[in-house]
Amino acid sequence: MELVLVLGVVGILIAVYVVSLRLNPWVKCSKCHGKQKFQGWAFSHAHHGCPKCKGTGRQVRWGYKFFRVGPNNGVPPR
Ligand SMILES: [Zn+2]
C-alpha cells in the first residue's frame with residue numbers, strides 16, 4: 001500500500017513540474033546569466049554574443065525537452 005502512495009506523490013510532483021514547464025519554458029542562460037553578451041576585456045565597448053544561448057540570453061529548461069512538452073519537439077514558443 002505504501003508503494004502506491006509513494007507513486008501517487010511522485011506522479012503529482014511530475015504533473016506539477018510539467019504544468020510549470022508549459023507555463024515557463026525558458027530560464028536565464030546559465031553562461032551569460034541573461035546578459036546575452038560578453039564584454040571585451042581590453043576594449044570595454046566591444047562585445048560578443050554568448051555562444052551558449054546564441055545571444056538570446058535564455059535557454060530552454062531541460063525538462064521541456066525531456067518530457068517533450070508542447071508540439072515542436074521540445075522547442076517552446078517564444
Ligand atoms: Zn548566454
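**Exercise 1. Which residues does Val-18 touch, not counting residues up to four places away in sequence?**

Solution, step by step. Keep in mind as you work that this is a predicted model.

- Start by placing the residue: Val-18 belongs to helix α1.
- Next, look for its partners. Leaving out residues up to four places away in sequence, Val-18 touches Phe-67 and Val-69.
- Now check one of these pairs along the chain and in space. Val-18 and Val-69 are 51 residues apart along the chain, while 7.3 Å separates their C-alpha atoms.
- Finish with the surroundings. Val-18 has 15 other C-beta atoms within 10 Å, so it is partly exposed.

**Exercise 2. Work out how far helix α1 reaches, and whether it lies in the open.**

Solution, step by step.

- Helix α1 covers residues 2-23, which gives it 22 residues.
- From the first C-alpha to the last, α1 reaches 32 Å, close to the 32 Å expected at 1.5 Å a residue.
- Then count the buried residues: of the 22 in α1, the number is one, so the helix lies largely in the open.

**Exercise 3. Describe the chain as a whole.**

Solution, step by step.

- Begin with the elements: the chain has two helices and four strands.
- Read from the N terminus on, their order is α-β-β-β-β-α.
- Turn to the overall form. The radius of gyration is 18 Å, well over the 12 Å that the globule rule gives for 78 residues, so the chain is more spread out than a compact globule.
- The C-alpha trace spans about 65 × 25 × 15 Å along its principal axes.
- As for burial, 10% of the 78 residues count as buried.
- Finally, consider the contacts with a separation of 6 or more: residues 24 or more positions apart account for 44% of them.

**Exercise 4. Is Cys-53 buried or exposed, and which residues does it touch?**

Solution, step by step.

- Find Cys-53 in the loop between β3 (47-49) and β4 (58-60).
- Count its neighbours: there are 20 C-beta atoms inside 10 Å. A residue is buried if 20 or more lie within that distance, so Cys-53 counts as buried.
- List its contacts, again without residues up to four places away in sequence: Cys-29, Lys-31, Cys-32, Arg-58 and Gln-59.
- Add a distance. Cys-53 and Lys-28 are 25 residues apart in sequence, and their C-alpha atoms are 9.3 Å apart in space.

**Exercise 5. Compare His-33 and Gln-36 in backbone angle and exposure.**

Solution, step by step.

- Locate them first. His-33 lies in the loop between β1 (26-28) and β2 (37-39), and Gln-36 lies in the loop between β1 and β2.
- Look at phi. For His-33 the angle is near 55 degrees, a positive value in a residue other than glycine. Gln-36 also is not a glycine, and its phi is positive at about 75 degrees.
- Now count neighbours. His-33 has 10 C-beta neighbours inside 10 Å and so counts as exposed. Gln-36 has 16 C-beta neighbours inside 10 Å and so counts as partly exposed.

**Exercise 6. Where is Arg-78, and how many other C-beta atoms lie within 10 Å of it?**

Solution, step by step.

- Arg-78 sits in the segment after α2 (62-66).
- There are 7 other C-beta atoms within 10 Å of Arg-78, so this residue is exposed.
- To close, relate it to another part of the chain: Arg-78 and Trp-26 are 52 residues apart along the chain, with 8.8 Å between their C-alpha atoms.

Methods. Residues numbered from 1 in each chain as written. Predicted model: local features only at pLDDT ≥ 70, side-chain atom pairs only at ≥ 80, totals over all residues. Expected span 1.5 Å × (residues − 1). Buried ≥ 20, exposed ≤ 12 C-beta atoms within 10 Å, placed from the backbone. Contact = placed C-beta atoms within 7 Å. Rg over C-alpha atoms; globule rule 2.2 N^0.38 Å.
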